[in-house]
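Open the viewer and set it to a cartoon view. This tour goes stop by stop: a selection, then what is there.

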Amino acid sequence: MGDTGQVSSSAAEFYDEFFVPALFAEWAPRLVAAAELGPGERVLDVACGTGIATLSAARAVAPDGSATGVDLNAGMIAVARAKAPQLDWHEGAAEALPLGDELFDAVLSQFGLMFFADRSRALLEMRRVLRPSGRVAVAVWGSLEQTPGYAAVTSLLSRLFGDAVAGLLRSPYSLGSSEHLGRLMSGAGFNEVSVQLVPGTARFPSIRAWMECDVRGWTLADHIDDTQFEQLATEGEKELTHLLTPDGQVQFAHPALIA
């Protein structure tokens, strides 16, 4: 996956089964609410992944609206299409959306902008496919400093495997500045830009399950082998106990910015 956000087909399935409920499920309704979606509207989800925000949007615009998802990753699109074949799914880059001009009342993008090769171009593409009165709602993770769980794991990765591997886990948090995000949005021609820091919570069944999610379904996919995974899980179970609830589950603050 690295800093491009791409994973294999098997990782996409693992991502959908384990990472979506752990990190992403609580955000789709919030993003839909921020976009103020209503019945009958046409909405596009850019970097849709396995479709959690697309599905939430489809429910908001039912019965007469439509929801479309676009993602660069074929594995993600395959999982999304299998879950909801009735929706419109496209494989394509955010910087060159495979869709016509002024088609949508709203565009969503949930936790994809950080990974785009050209963020400004991607935002310009979102604006291109929007109708003149359309709205855009973009979510990115807050800073690593605001996310104690992943700040701790990043430090652990750096100690065990070096800064290059640790950097893979920093990339999702690279847009955690509200000022930076606001400038990107304004620079793409969006007006009335508002950026809010919204509290969130990450939850995993255990430290080992959390490490497995990171290695098999997120930014560390294909970069940590089985031996390294065992080392990471063992050290994590020693060093990350401050993030455990009394019943042994992992829980920590995981805020996001919504523009």
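Which residues in α3 are buried? Select the helix and look: Ile 52, Ala 53, Thr 54, Leu 55, Ser 56, Ala 57, Ala 58 and Val 61 are buried. Helix α3 runs over residues 52-61 and is mostly covered, with eight of its ten residues buried. Keep in mind that this is a predicted model.

**Whole chain**

Zoom out. The chain holds ten helices and nine strands. Its radius of gyration is 18 Å, close to the 18 Å from the globule rule for 259 residues, so the chain is as compact as a globular protein of that length. Draw a box along the principal axes: the C-alpha atoms fill roughly 55 × 40 × 35 Å.

Now turn on a contact map. Take contacts with a separation of 6 or more: residues 24 or more positions apart account for 77% of them.

**Surface**

Switch to a surface view. The chain exposes about 10,900 Å². Carbon and sulfur atoms supply 49% of that area. Of the 259 residues, 54% count as buried.

Colour by charge next. There are 18 positive and 32 negative side chains. How far apart do the centres of the two sets lie? They are 3 Å apart.

**The core**

Hide the surface and show the side chains of the largest nonpolar core. This core has 97 residues. Select Trp 141, Tyr 150, Phe 204, Trp 210 and Trp 218, the residues with the most contacts inside it. Then add helix α1, residues 9-24: this helix gives the most to the core, with eight residues.

Centre on Trp 210. What is it in contact with, leaving aside neighbours within four places in sequence? Gly 149, Tyr 150 and Val 153 are on the list. So are Phe 204, Leu 240, Leu 243, Val 250 and Phe 252. Two of these partners, Tyr 150 and Phe 204, were in your previous selection.

**Strand β6**

Move to residues 196-198, strand β6, and pick Val 198. Is Val 198 buried or exposed? Its relative accessibility is 18%, and buried means under 20%, so Val 198 counts as buried.

Show what surrounds Val 198. Outside its neighbours within four places in sequence, Val 198 is in contact with Trp 27, Arg 30, Pro 255, Ala 256 and Ile 258.

For a last step, draw a distance from Val 198 to Gly 217. These two are 19 residues apart along the chain, and their C-alpha atoms are separated by 24 Å.

Methods:
Residues numbered from 1 in each chain as written. Predicted model: local features only at pLDDT ≥ 70, side-chain atom pairs only at ≥ 80, totals over all residues. Heavy atoms only, no water. Core = buried A, V, L, I, M, F, W, Y, C linked by side-chain atoms within 4.5 Å. Buried < 20%, exposed > 50% of the residue type's maximum accessible area, 1.4 Å probe, protein only. Helix = DSSP H or I, 4+ residues; strand = E, 2+ residues; numbered from the N terminus. Contact = heavy atoms within 4.5 Å. Rg over C-alpha atoms; globule rule 2.2 N^0.38 Å. Areas by Shrake-Rupley, 256 points an atom, 1.4 Å probe, with all protein chains shown as cover. Lys, Arg positive; Asp, Glu negative; His and termini not counted. Charge placed at Lys NZ, Arg CZ, Asp CG, Glu CD.
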